[in-house]
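Student: Please take a close look at one helix of this model, and set it in the context of its chain.

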Amino acid sequence: MIRFRYLLMLLCGGACLLLPDVVMAAGGKATALIVVSDPRATDSNIAKWWIDYYNTDPFMFGVWCTILTGFLGVSLGFITDRLMRHTGLDLTKRTIVEH
Amino acid sequence: MEWMYMYMPIAGIDIFWPGLLLIGFSVGVIGGFFGMGGAWMVTPGLNILGFPMAFAIGTDIAHIAGKSMVSTFRHSKFGNVDYKLGITMVVGTVVGIECGAQIVMWLESIGRIGPVVRWVYVGVLALIALMVFSDYYKATRKKKAGIVDEHGAVGFTWYKTLHKIKIPPMMHFHQAGIYCSAWLPIFVSFVTGVLAGFLGIGGGLLRMPALVYLIGCPTHIAVGTDLFEVMISGLYGTFTYGVKGRIEIWAVFVMLFGAAIGAQIGTVATKYAKGYGIRIAFGLAVVACMASIIMKQFKFDAAATVTILGAVGAICVYICGIMFKGASNELREKKAADKLAA
């Protein structure tokens, strides 16, 4: 059983290497964009910085997209969870009834 | 009305942001209730708002990743996520999707890709819908006959036969209450993965019924576990589409605000819904998806979009109704109990 768990972990690790291809398969093949975004079209400094990242370093752009999405997902999950607690509903238990 | 439009710096277009908020909210509600990403609903919506298709797909995936985190977080607190089962299934899903993608490439090389994929998609959706509705019919008959188990009357129990396969290693998935060969979830996820890769979808639409009918998960746990898988694949999708410059993160932020609220409503609504209520609404969503694909095949693009968005709106209202009705009943009962105790 323990050996199987190690094997499973190894397989999961190896499988992760395939994931980029997998996701492309799920959403249609994406070729590298040749579009360059224009920072002059906006006055916002944050937007200018973001556009610069997009134009100059696609890898870091991808990394930041993932980090920001993850961060916002976790933060909003936490905040809305706090808000839901104030409703007075019991959010820890539920009974499973199929029919 | 200029303030209602937001500049998207990467795509270089102005977008009606309340529309983004609304799409995020609706898909959050539906995804949290059914346990799926819902790319089939978001992509046409973003396209209507003015996003080029390339940005619509990438932005959609990033939003799904964030939204699934909120839903998984909430489902996890209800005890609806079987992490062990989810991780076991990731292996089969990944290998399966890769195989599905290879089949697509082969079909592409012989020039038969378009119609084959669409009609297989329609066939699979029709089978799922048929399975869901006939299962409901069978469960209703069983209930009338008084044949009820610990969770109430259930229709198809194919998983019981599959659980008799004792190929080692055997695994116990405590949260789902299943004891079976590890190869069963791996094989099932592989098959759903092949189909997902072949059809070019995330796979939640296929995995949720597979978890229920073939692995034997109670509906609520199937929903939570599926969302956990959607979260993992969504994060990788965000990275790869980000590297290819296909994500408009500003839009993702706006959508996530709507989705976070929607996901809480959809997830909490599962507390007040019976398993078969979820399955039937899911079956109707599948029928709407199938109808829109058939319309697209015959070039009725506008009708297809209206069908999808109409179904999304109706299902969203239905789920919100379940949530608010259930919540007000619970609060009323709580108040009455407090009064009695005092």
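Tutor: Chain B has 12 helices and four strands; helices (H or I, at least four residues) and strands (E, at least two) are DSSP runs, numbered from the N terminus. This is a predicted model, in which local features need pLDDT of at least 70, side-chain atom pairs count only at pLDDT 80 or more, and totals for chains, interfaces and linings use all residues. Residues are numbered from 1 along each chain as its sequence is written, while chains are lettered from A and ligands numbered from 1 in the order in which they are written.

The helix to examine is α10 (residues 249-272) of chain B, which has the highest mean pLDDT among the elements of that chain, 92; pLDDT is the predictor's confidence in each residue, from 0 to 100. Helix α2 (residues 39-49) of chain B has the lowest, 80. For chain B the mean is 86.

The end C-alpha atoms of α10(B) are 34 Å apart, which agrees with the 34 Å expected for 24 residues at 1.5 Å a residue (the expected span is 1.5 Å times one less than the number of residues). Even so, α10(B) has a kink of about 25°, centred on L256(B); the bend at a residue is the angle between axes fitted to the seven residues ending there and the seven starting there.

Of the 24 residues in α10(B), 22 are buried (20 or more other C-beta atoms, placed from the backbone, within 10 Å of a residue's own; exposed means 12 or fewer, partly exposed in between). In chain B, buried residues make up 58% of the 342 residues.
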